[in-house]
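Hello,

Here is the structure I promised to pass on to you. Please have it open while you read, as my notes follow below.

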Amino acid sequence: MRRFLVTFITVTTLAAAYRVYSAVLIPLTEMKEIDRPLVDPMESDLRGPAAFEQQAAQVFPEFTWTHRAQQTWQMAEHAYLYFNEYERVPGAGNSIQISPVAIYWQDPKRPGSKPFRVLADRAQIKFQNSFFDAAIALSSVNPGRIVWASLEGPVHIDGPDGLTIDGQNFKFEEDSSQLYSDHAIAFSYGPTEQDQRRISGTADQLQLAFTPSQESILGKDMPRVGGLAQILLRRNVVLDMTFQQQGEDRQAKITSAGSFLYDVLKREATLDDQVRVVHIADPARTARKDTIECAWMQLQFDSTSPADPVSETSPAKAFDGLVFRSMRAQGSDNGRGSRLKVTSDEQQLAAVMQDLTYDASRRRAVFIDQQQVVIHRGEVKFVCPQIGLQHSEDNQIEYLECRGAGQMDVRQSRPDAPPMMARWGSKVQVRPDPQARVHHVRIEEQALLGVPGQFGLGADVIHLWVDLDRIQKESQGASQPQSADRNFLASALPLKRARAENHVRLDSQLLKVERSNLIDVVIHPGLIDNPLKNSTSSNGNSSANEADQPWIVSADALNLEVVHDSGKALIDVRQVTGAGNIVIQHDPGRATTVGNQSIDGPLVLKGSSLVVQNQGGVQQILTVRGEIGPQGESVQNASIGIGQAALWGNQITMARHENRVDVPCAGGLSVPIPQNLNASGGTAASATKLDIVWQEGMTFDGLDARFWGKVTAAVPGEQQSVSRLLCEDLTATLNQRISFIESPESQTDVTISEVAARHNVVVESVEYQQNRLAAVRRSKLAGFHVNLTSGDFKGDGPGVIDSWSLGDAVKFSPGENPQANAPAKQADARWRYSNVQFAGTIDGNMNRNDATLKERVEVLTAPVERAQTRFQREQLSESTPEAANAVWMKCDQMRIIQKQFSSQVEKSYEVFATGGTELEGQVFRAVADELTFDERRGQFTLRGLGKEARLYYQASAGETVSPSAARLIEFVPVKRKITIDGSSGFSGSY
């Protein structure tokens, strides 16, 4: 379009104007003296010399009157005048009128070319001096210079290189320095030997203006005018041209309802009023048309010639060395009425604006509209108040800027698909990026890109790195028929990178970014051997379930590495990195199930930095980190949560293909646990959670979760019970493996099946009844293992168990209420302290409520005033109520069974001790091979195996000791009752 416009307007208008000037003015004014006298036609009937007749027959073969013209006049060496009649103009002694008129002029610089010919019905010439009175004398007179002349009636001019001009009443005036015609003219020119273009045109009224002068630059006795100053075609200008460009036939046409004006001094051409420029490529076949329609157009030229154009004697010099400099076109004034329109079939372009400016020296174009410049190109609609464009010599974009709020819409191939769109509030800049070898597009202020209802990206500033050469190639092939299902991913993408800055928002079916200061996406061409599930596929859509809710992301900065496989028409994310206040949320809209276990609630990921690596298929690694202080300390942990379940630490790594989660630092885990694991028997209405905190690290492979470094596992917040497990190394094993890749085939509930604690194990529990502390237990072990499915457990010693329980129902001395196991009064409710130590192991079953302790087992139990108060064995000899109801026991192995009776609210224990059994109270002491204790009856049973069991007792502290020995001794301290069987002892009381 630019090349066509510059070439056509320059050549057509200026060449045509010059031909009119040179063909009309020069023959009329370039009169030279000749040596021989002229024949006076009024005094003789003799015709001119035979040479004149012969020359006329050659030059004017179709105008036979010239062959025998009454008058012939050689005006100059190469200019001849033919006419039949002449007469004076009444009232003037210096004006004559001749008719009919024929003039021809042979350009001396082109002697072999066709001469210029001028024909008119009559001509009138006014000279400077009066040289006749009553009669006209054309010889031996001094008429002076021509000051006025006219060609009247129909005028025809033709000449070399296809020149033709037809008009009426051409006039020249020295006083006004003008040559003009107030009638319609038609002209044509070309082709020439050097240029195959052909130009033709019409106009109403012609005016050539010259610079005023006191001397004639044309020579002696010529009109006193300077060089050519202006060429004006006043109305209804039509210029047509045919030519070839790039080996293809072309047609062009300029029309104007107003004038065409060329100012020689300013080297400026102007057209106004309904200006229309039409360019047609390949008119015989495709007839691709380009047009410009405007109310006003101006062209500015420079000259390579150093001379002043108005001082040149030859009018042709006024146009020598002209080169196009700039163009400006406008619609109607103040934006009212018609606007400037540009269309191009070849470029599929249609543009509407108020003002168009093009500077050829800077290769810069500017489009302006008080409202909006509107450009349609193929499937693209572009709207903006001002657009500036600068290009290289080979028509490549060097710089583009759009100022003011604007928008761009791109229709998709499917007619029912919404358009892709861009919006901005300030400006858009496009310039080459030499390093990336693409163009950099910068969109500023309220920038927005997207597809309504599908995708939207908004930010203060958006950067795009685009291969405009590829877009141009694709647009050149856009005229070819394309399928509505054509997939843009099946070819190389022109977009190489996208970057959004400040107040970034992104909205799509899969992802929403609610807050970010930076999103940077880099697209690389590559191969996708094994695409990630939910990758963008060949139909341009995601394979995700449409019912899924989008992922919601907040982060200070996000960077994405994307690979595009045009062979498979796929896009896949290879890496995502995030930094600063990261929050990622996903609510699937339904409960997540693992087997039959339901985890209801959104997934929430928080951290200070994020790295997601995708190598295709199931090979994905996610690493989220917390905030680190200046001294390397953890300021804020990263976390991943699903509903009530949460995992936190300064670094969390999830490797999907390895089915692994690692926290290589201090962290914590909080998970809901099934109600059947709630030791307090809580109801479903009270949520139960397990919290695990560690100081060194954690790893989970889908089956085993291992924690190490000062590990604490607790069930907090439960109204009836608070339990804690402390150790250095803890492993929790699920009843089935959880896969990060495939959905589980088993429908069994996923639960923790086994827990193994090692090194410095401490188990603590606290029970409440009606918001009142009821029990405190603390156990220390070397190791502990429990199978939560079967209830079997095992602990490694040496171990110590301390227990405080409210409500001391155990009595070993007579008192106010001597009945064994009688419930205590609220006013007398006391705590029972128990201490158990063993050197071997402890094992048992939680479901059966039994435990067996081995190797050097010692048990001490006594009433105390409050929880956490301890009782020592040395206090047994004291005369206190606590000592009176305290007992110490020692054995090699002890089994403890807890029983529940339907008629009792309180629980009851049975103890079975074997091997070197010893028993000691304030007023009794016993030794036996076996010992049992029935808490419900308050009875000890001593047995001797191969030797007798022995019991030593006192009526009260400090009195005489009474021994008893027997194979079987039953002893109820609170009743002072002893039953001896099979021995030398007795039965009775003390």
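A contact here means that heavy atoms lie within 4.5 Å. With that in hand, among the contacts in the chain with a separation of 6 or more, 55% are between residues 24 or more positions apart. Please keep in mind that this is a predicted model.

Some overall figures to begin with. The chain has 990 residues, and 47% of them count as buried. Its secondary structure comes to four helices and 63 strands. About 48300 Å² of the chain is exposed, with carbon and sulfur atoms supplying 48% of that area.

Let me start with a helix. H2 covers residues 50-59, and its buried residues are Phe-52, Ala-56 and Val-59. Looking down the axis of H2, you will find these buried residues within an arc of 70°, so they line one face of the helix. Turned away from that buried side is a face with the exposed residues Ala-50, Ala-51, Gln-54 and Gln-58.

Next, a buried acidic residue. Asp-158 sits in strand E5, which spans residues 146-159. Its relative accessible area is 4%, and the cut-off for buried is under 20%, so Asp-158 counts as buried. Which side chains make polar contacts with the side chain of Asp-158? One is that of Arg-117, at 2.6 Å, and another is that of His-156, at 2.9 Å. Setting aside neighbours within four places in sequence, Asp-158 is also in contact with a group of residues that includes Lys-114, Pro-115, Phe-116, Leu-163 and Thr-164.

Now to some strand pairing. Strand E36 (residues 620-625) pairs with strand E41 (residues 651-655) in the antiparallel sense, over five bridges. In this pair, Ile-621 stands opposite Ala-655 of E41. E41 also pairs with strand E42 (residues 660-663), again in the antiparallel sense, over three bridges. Here Met-654 has Val-661 in E42 as its bridge partner. The hairpin of E41 and E42 has four residues between the strands, and in it Asn-659 takes a positive phi near 55°.

Further along the chain, have a look at Ala-851, which is found in strand E54 (residues 850-864). With a relative accessibility of 13%, Ala-851 counts as buried. How far apart are Ala-851 and Asp-792 in sequence and in space? They are separated by 59 residues in sequence and by 9.5 Å in space, C-alpha to C-alpha. Not counting residues up to four places away in sequence, Ala-851 touches Phe-793, Ile-842, Asp-843, Gly-844, Met-894, Arg-895 and Ile-896.

Two of those residues come up again with Glu-910: leaving aside neighbours within four places in sequence, Glu-910 is in contact with Arg-895 and Ile-896, and also with Ile-897, Lys-899, Phe-933 and Asp-934. Glu-910 lies in strand E56, which runs over residues 908-921. Is Glu-910 buried or exposed? Its relative accessible area is 15%, so Glu-910 is buried. The side chain of Glu-910 makes a polar contact of 3.1 Å with the side chain of Lys-899.

If you would like a place to start, try Asp-158 with its side-chain partners Arg-117 and His-156.

Best wishes

Methods:
Residues numbered from 1 in each chain as written. Predicted model: local features only at pLDDT ≥ 70, side-chain atom pairs only at ≥ 80, totals over all residues. Heavy atoms only, no water. Buried < 20%, exposed > 50% of the residue type's maximum accessible area, 1.4 Å probe, protein only. Helix = DSSP H or I, 4+ residues; strand = E, 2+ residues; numbered from the N terminus. Arc of directions from axis to C-beta. Pairing = 2+ DSSP bridges. Polar contact = N/O pair within 3.5 Å; in protein donor to acceptor, adjacent residues only side chain to side chain. Areas by Shrake-Rupley, 256 points an atom, 1.4 Å probe, with all protein chains shown as cover.
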